[in-house]
Amino acid sequence: MAVAPPSHAGSRAQKLASLAAVTLACAAALWLLRSPLAHFDTAVWGPEHPWVHRDFLGAWWLFWAAGEPEGIGGWLAHQNWPDGGLDLRHHIPNPFDAWLLGPWVDPTDGAAWWNRMQLAHHLANVGTAALLARALGGRLLAAAAAGALVAASPVMLHEIAGGRTLSGAVWPGLLALVFLIRDRPVIAGLLVGVQGLCYVYSGLLVGLAALLLRPHPGLFSALLIMGPYLAWLGPAGDALSGRAPPAGYTSMPLAGLVGQASLPPPMRWWPLLWLCLGGLFVRTPRSRLRACANARVWRPSSARLGLTLLLLVGVALGPSLSWQRTDPGVASPLAWAMWTMPPLSRMHHPVRALLLAIPLLAAVGARARLPRVVWLAVFALCLTRAAPMNLAATAEASPTPPGTEAIAWLTDTPDVGAIVDLGATLAEPLALQTLHRRPVLTGFRAAGSRRDDTSRALAQALQAWRDGDPSPSLPSQLRAAGYSHAVEVIRPGRTLPDPSTLFGPPVHETEGAVIYAVP
């Protein structure tokens, strides 16, 4: 006899149970972050030293520039002055959150807008993990516990601690798996494409995971989104060609998989997560399979789930397997894949695969038919993990860059041209540019991209002065290029030669910075 499809009342109850699971998981995440939340209006949540952190500075500047009338392109022309910076695609290939949200950001809001955005991504990751657990057959408390396991895993804050935005958002990919299980493969494919907009390689991983779980032609709808995106990236093809990062790949050492305490929290796996592998040995009752068929729900097999988890964890371990990050390693299968397909070498942070592996593993664990008291105990145990979560991403850094008070004087001074930050490296002048709104010498790049660029010659002359060369011609070079003022920002641990020997006495001085006029 055929099984009748679920009633509307039953469907409504399932939706309410899913909503309750998501709510409980997000409440756990907020509880674990109660210490950073207490400082959300007065401190930057993320890197320990945000105002010298290149990724954070680039993202902070990008949101500011997107909200300016000149736009991102206009302000890129004010980097590496007087030559201008390269096209955005050479620096940040995923600027879509800045394009959408930048015009709504209030620069006078301090760090609150940044913190709220990062928290929203984190809660979305946690909430969709609970939804995925429900889609895989987890009951309310089991799904809530799965979400809490994700919320209690410091690795989930890896990108927030690194000052990055969209690369830490995996909720579109997790939602794609939910729709795939709910027998909506076309929608799942579109969400895979959205995940690719957040970070190309996480989109690729989600796409491979979805094909492993259920090979369906509808998943190729991702190309409707990724096709135009890859065409947009095309002009930057040379810069995006496969090459290894100079500082090495950011990957999970084997010691991180057992939670070794010597590793920083964002690189540490919570060993309790391994118990979720027990969900791979659960067989869905035949009666539930019949009900799933009527409810347009498709359940992947344990073998497919296991292969998908193996893929994600394997990628996170990087191209070189080692116990500690400093130990010599052996080549992994990912290294062979990078050798075969050179563009994969641009995946400089394989550890980001854990942002997908942990939610999927927690959702798999929720399949286990355990007593409710067990899931309540797991949920309660997760609530005790506030300390490692607080260590994973700090909330103590000043919401304003050093030298802010001195720059306020510059904004009230007439006839101010380009400004050179005498002690800055790479992207540090971008923070002050959002305040003084004048051209700067360095930005996303340290100097011009061509050998005959004026900014390259200026950067080399400035570095020679920092290294002890008298460089008496530096002021005249700067003046000829349109620079009117030089700023010496007081940064801990950095010393410079006396700028007054080049520029004369300062024209303005505060506790955090000294300003000189370029003669």
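This report covers the fold, two helices, the salt bridges and some unusual backbone spots of one protein chain.

**Overall picture**

The model is predicted. The protein chain has 519 residues, of which 53% count as buried. There are 23 helices and eight strands in the chain. Contacts reach across the sequence. Among those between residues at least 6 apart, 77% join residues at least 24 apart.

**Helices H7 and H10**

Helix H7 covers residues 140–151. Its twelve residues should span 16 Å at 1.5 Å a residue, and the end C-alpha atoms are 17 Å apart, so the two values agree. H7 is mostly covered, with ten of its twelve residues buried. Alanine recurs in the buried set, which includes Ala142, Ala143, Ala144, Ala145 and Ala146. Gly147, Leu149 and Val150 are also among the buried residues of H7.

Which helix passes H7 in a right-handed crossing? It is H6, which runs over residues 112–135. Two packed helices are described by the angle between their axes and the distance between the axes. Here the axes come within 8 Å and cross at roughly 145°. From H6, the residues in contact are His122, Val126, Ala129, Ala130, Ala133 and Arg134. They meet Leu140, Ala143, Ala146, Gly147, Val150 and Ala151 of H7. By type, the contact divides into nine nonpolar residues, two polar and one charged.

Helix H10 takes in residues 185–198. From its first C-alpha to its last, H10 reaches 20 Å, close to the 20 Å expected for 14 residues. H10 is mostly covered too: ten of its 14 residues are buried. Among them are Pro185, Leu191, Val192, Leu197 and Cys198. Gln195 is another buried residue of H10. What covers these buried residues? The cover includes helix H5 (96–101), helix H9 (171–181), helix H11 (200–213) and helix H12 (223–233).

**Salt bridges**

Side chains of opposite charge can pair when their charged atoms come close. How many salt bridges does a search of the whole structure find? The search finds nine. Three of the pairs are tabulated here.

| Salt bridge | Closest N to O distance |
|---|---|
| Asp87 and Arg89 | 2.8 Å |
| Glu159 and Arg164 | 2.8 Å |
| Arg491 and Glu428 | 3.1 Å |

Take the Asp87 pair. Asp87 has a relative accessible area of 37%, so it is partly exposed. Its partner Arg89 is buried, at 16%.

Now the Glu159 pair. Glu159 is buried because its relative accessible area is 1%, under the 20% cut-off. Arg164 is at 13%, so it is buried as well. Both residues belong to a network of salt bridges that also links Asp55 and Arg352.

The third pair joins Arg491 and Glu428 by a salt bridge. This pair links distant parts of the chain, 63 residues apart. Arg491 sits in the loop between strand E6 (483–489) and helix H23 (500–503). Glu428 sits in the loop between strand E5 (418–421) and helix H20 (429–436). Arg491 and Glu428 are both buried.

**Loops and unusual backbone**

Most residues other than glycine have a negative phi, and most peptide bonds are trans. Some spots in this chain depart from that pattern.

Is the peptide bond from Trp81 to Pro82 cis or trans? It is cis, with omega near 10°. Pro82 lies in the loop between helix H4 (71–76) and H5.

Asp183 has a positive phi of about 65°, although it is not a glycine. Asp183 is in the loop between H9 and H10. Its relative accessibility is 22%, so Asp183 counts as partly exposed.

Arg437 is not a glycine either, yet its phi is positive, at about 60°. Arg437 is placed in the loop between H20 and helix H21 (454–466). With a relative accessible area of 34%, Arg437 is partly exposed.

One further loop residue is Asp412. Asp412 lies between helix H19 (404–411) and E5. Is Asp412 buried or exposed? It is exposed, because its relative accessible area is 66%, over the 50% cut-off. The C-alpha atoms of Asp412 and His436 are separated by 9.4 Å, although the two residues are 24 apart along the chain.

How values were computed: Residues are numbered from 1 along each chain as its sequence is written. This is a predicted model: local features need pLDDT of at least 70, side-chain atom pairs count only at pLDDT 80 or more; totals for chains, interfaces and linings use all residues. Side-chain values use heavy atoms; hydrogens and water are left out. A salt bridge is a side-chain nitrogen of Lys or Arg within 4 Å of a carboxyl oxygen of Asp or Glu. Buried means under 20% relative accessible area, exposed over 50%, partly exposed in between (1.4 Å probe, protein chains only). Helices (H or I, at least four residues) and strands (E, at least two) are DSSP runs, numbered from the N terminus. The expected span of a helix is 1.5 Å times one less than its number of residues. Axes are lines fitted to C-alpha atoms, for helices over the stretch in contact, and angles run from 0 to 180 degrees between N-to-C directions. A crossing is left-handed if the near helix is turned anticlockwise from the far one by less than a right angle, and right-handed if clockwise. Contact means heavy atoms within 4.5 Å. Ala, Val, Leu, Ile, Met, Phe, Trp, Tyr, Cys and Pro count as nonpolar, Asp, Glu, Lys and Arg as charged, and the others, Gly among them, as polar.
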